[in-house]
Amino acid sequence: MIKINKLYSEPFSFEPIEFKKGINLILGEKDESSNKTNGVGKSLLVEFINFGLMKDYNRSRLSKIPNTVFSDRTYVCLDFFINKNHIIAKRSISEENTPTLFINGVKKNFTSIDDVNHFLTLLMFHNNKSKLHPSFRSMLGPLIRDERSEFKSIIDCYDTKSRIPPDFAPHLFLFGISIELYKKIKEINKSISELSIAKRKIKDDIESISGKKIANARAEVNDLDHQVKIIKEEMELLEGDKTFDFVRDEIVLYEDSLDNLRNKKAILKSEFNKIQALIGDNYIDENEVIELYNKLKSGLGDNIGKELKDVLGFKKKLMTFNVFLSTHVKTLSYLILRRLKRPYLKYQLNLVQKLQ
């Protein structure tokens, strides 16, 4: 049960309004300038009450009030009861998501409007023996109908432009009907809607990728089935032919030959990779060889290392000797050529002198 006691503001922005026991009527007063009672604040008063009862600010008329008319730092204060709990709610536009509640004189701060609504739901239904019940705000929907709901339906109590789906849970609860089955039906409908959206997306993706319509898929499948049937019939006719066994045996031989060739190819490729690893100037790290053989047997690596050093040293001496020999062979060849050329030049010189 909810009972409203008083509506006021902090700091003072509008006259406090107290509510008495029973029915309270809100009437617009006429003034000297006009006989109309429109636009004097009746709907805005209801919006202040709804704002104090944690209505979404974005769907409230307070979101359309200029800051120069109503400061966003002014607290809308609502004094009310939920069952036996005395509550004072203080909420401003600047802090619309973090209102403050005083529950039986104890201050309680909240970090989000959802936390406030959950807390108020627990206060409202803490004596309820039923496991399932509506939320605090959904219960207020039929009780504080939106003025723009057009009052065409008892179920549709929100602004028609908001397109909020109808909720039967508050009405069923007020009539004492369990809402458990209704909740399951809503979950099933939600799952059906999600699956329908997923199905539509998959259909669009298939049609965009394949370039064909899903509606024509059945016809194409039937055509493929017909082609498969024809192929099977031709294969059955071929199996009855005398040449089928001969062709089949020949195919088996070709397959065996292909397998042998594949095996030979793999062996040759492996041997080729081994040969490729030996081509080039392969560097041997003698420390790695010594460490390997020492792991196999103590001291063996040191002995092999000494022999390896001797071999490598001998190899270096051979390379040095080859360089030395190459150099001296070139020098000796040059000297021999010079010696061979001297008599020949001397003979030519004598011949020239005689001719003169």
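This passage walks through the overall make-up of a predicted model, then its pocket, its cavity, its aromatic pairs and a few unusual backbone spots.

The chain is built from nine helices and six strands. Of its 356 residues, 21% count as buried. A look at the contacts between residues at least 6 apart in sequence shows that 40% of them join residues at least 24 apart.

A good place to start exploring is the largest pocket, which has a volume of about 1,000 Å³. Its lining is made up of 33 residues, and those lying nearest the centre are Ile4, Ile49, Leu53, Leu143 and Ile144. Sorted by class, the lining residues of this pocket comprise 18 nonpolar, five polar and ten charged ones. Four elements, namely β1 (2-10), α1 (42-52), α2 (113-125) and α3 (136-143), each contribute at least two residues to the lining. Among the contributors, α1 gives the most, with six residues.

Helix α2 can be followed in some detail. This helix contains 13 residues and spans 18 Å from its first C-alpha to its last, close to the 18 Å expected at 1.5 Å a residue. Its buried residues are Ile113, Val116, Asn117, Phe119, Leu120, Thr121, Leu123, Met124 and Phe125. When reading such a list, it helps to recall that an α-helix has 3.6 residues a turn, so residues three or four places apart point the same way.

Besides the pocket, the model holds one cavity of 30 Å³ or more. The largest cavity has a volume of about 70 Å³. The residues that line this cavity are Asn50, Lys55, Arg59, Arg137, Gly141, Ile144, Arg145, Asp146, Cys157 and Tyr158. By class, three of the lining residues are nonpolar, two are polar and five are charged. Ile144 is a residue to look for twice, since this isoleucine lines the largest cavity and also belongs to the residues nearest the centre of the largest pocket.

Cysteine 157, one of the residues lining the cavity, sits in the loop between α3 and α4 (169-174). Its relative accessibility is 4%, so cysteine 157 counts as buried. Leaving aside residues up to four places away in sequence, cysteine 157 touches Gly141, Pro142, Arg145, Asp146 and Ser149. Gly141, Arg145 and Asp146 also appear in the cavity lining. Although cysteine 157 and proline 142 are 15 residues apart along the chain, their C-alpha atoms are separated by 5.8 Å.

Aromatic rings offer another set of landmarks, with six aromatic pairs found across the whole structure. In one of them, phenylalanine 51 and tyrosine 57 meet edge-to-face, at 6.3 Å centre to centre and with 65 degrees between the planes. Both of these residues, phenylalanine 51 and tyrosine 57, are buried. Phenylalanine 168 and tyrosine 182 form another edge-to-face pair, with 6.1 Å between centres and 75 degrees between the planes. Phenylalanine 168 belongs to the loop between α3 and α4, and tyrosine 182 to helix α5 (residues 180-210), so this pair ties together parts that are 14 residues apart in sequence. How exposed is phenylalanine 168? With 40% relative accessibility, this residue counts as partly exposed, whereas its partner tyrosine 182 is buried at 14%. There is also an aromatic cluster formed by Phe14, Phe48 and Phe70.

Several backbone details round off the picture. The peptide bond from glutamate 10 to proline 11 is cis, with omega near -10 degrees, and proline 11 lies in the loop between β1 and β2 (17-18). Both glutamate 10 and proline 11 are touched by threonine 74, whose other contacts include Ser9, Ser13 and Arg91. Threonine 74 is placed in the loop between α1 and β3 (75-82), and with a relative accessibility of 7% it counts as buried.

Two residues other than glycine deserve a look for their positive phi values. For methionine 54, phi is near 70 degrees; this residue lies in the loop between α1 and β3 and is buried, with a relative accessible area of 2%. For asparagine 83, phi is about 55 degrees. Asparagine 83 is found in the loop between β3 and β4 (85-92), and at 22% relative accessibility this asparagine counts as partly exposed.

Terms used:
Residues numbered from 1 in each chain as written. Predicted model: local features only at pLDDT ≥ 70, side-chain atom pairs only at ≥ 80, totals over all residues. Heavy atoms only, no water. 1 Å grid on protein atoms, 1.4 Å probe; cavity = no way out; pocket = protein on both sides within 12 Å on 5 of 7 lines; lining within 4 Å. Points joined across faces, edges and corners; volume = space filled by probe spheres on them. Nonpolar A, V, L, I, M, F, W, Y, C, P; charged D, E, K, R; others polar. Buried < 20%, exposed > 50% of the residue type's maximum accessible area, 1.4 Å probe, protein only. Contact = heavy atoms within 4.5 Å. Expected span 1.5 Å × (residues − 1). Phe/Tyr/Trp six-rings, centres within 6.5 Å; stacked < 30°, edge-to-face > 60°.
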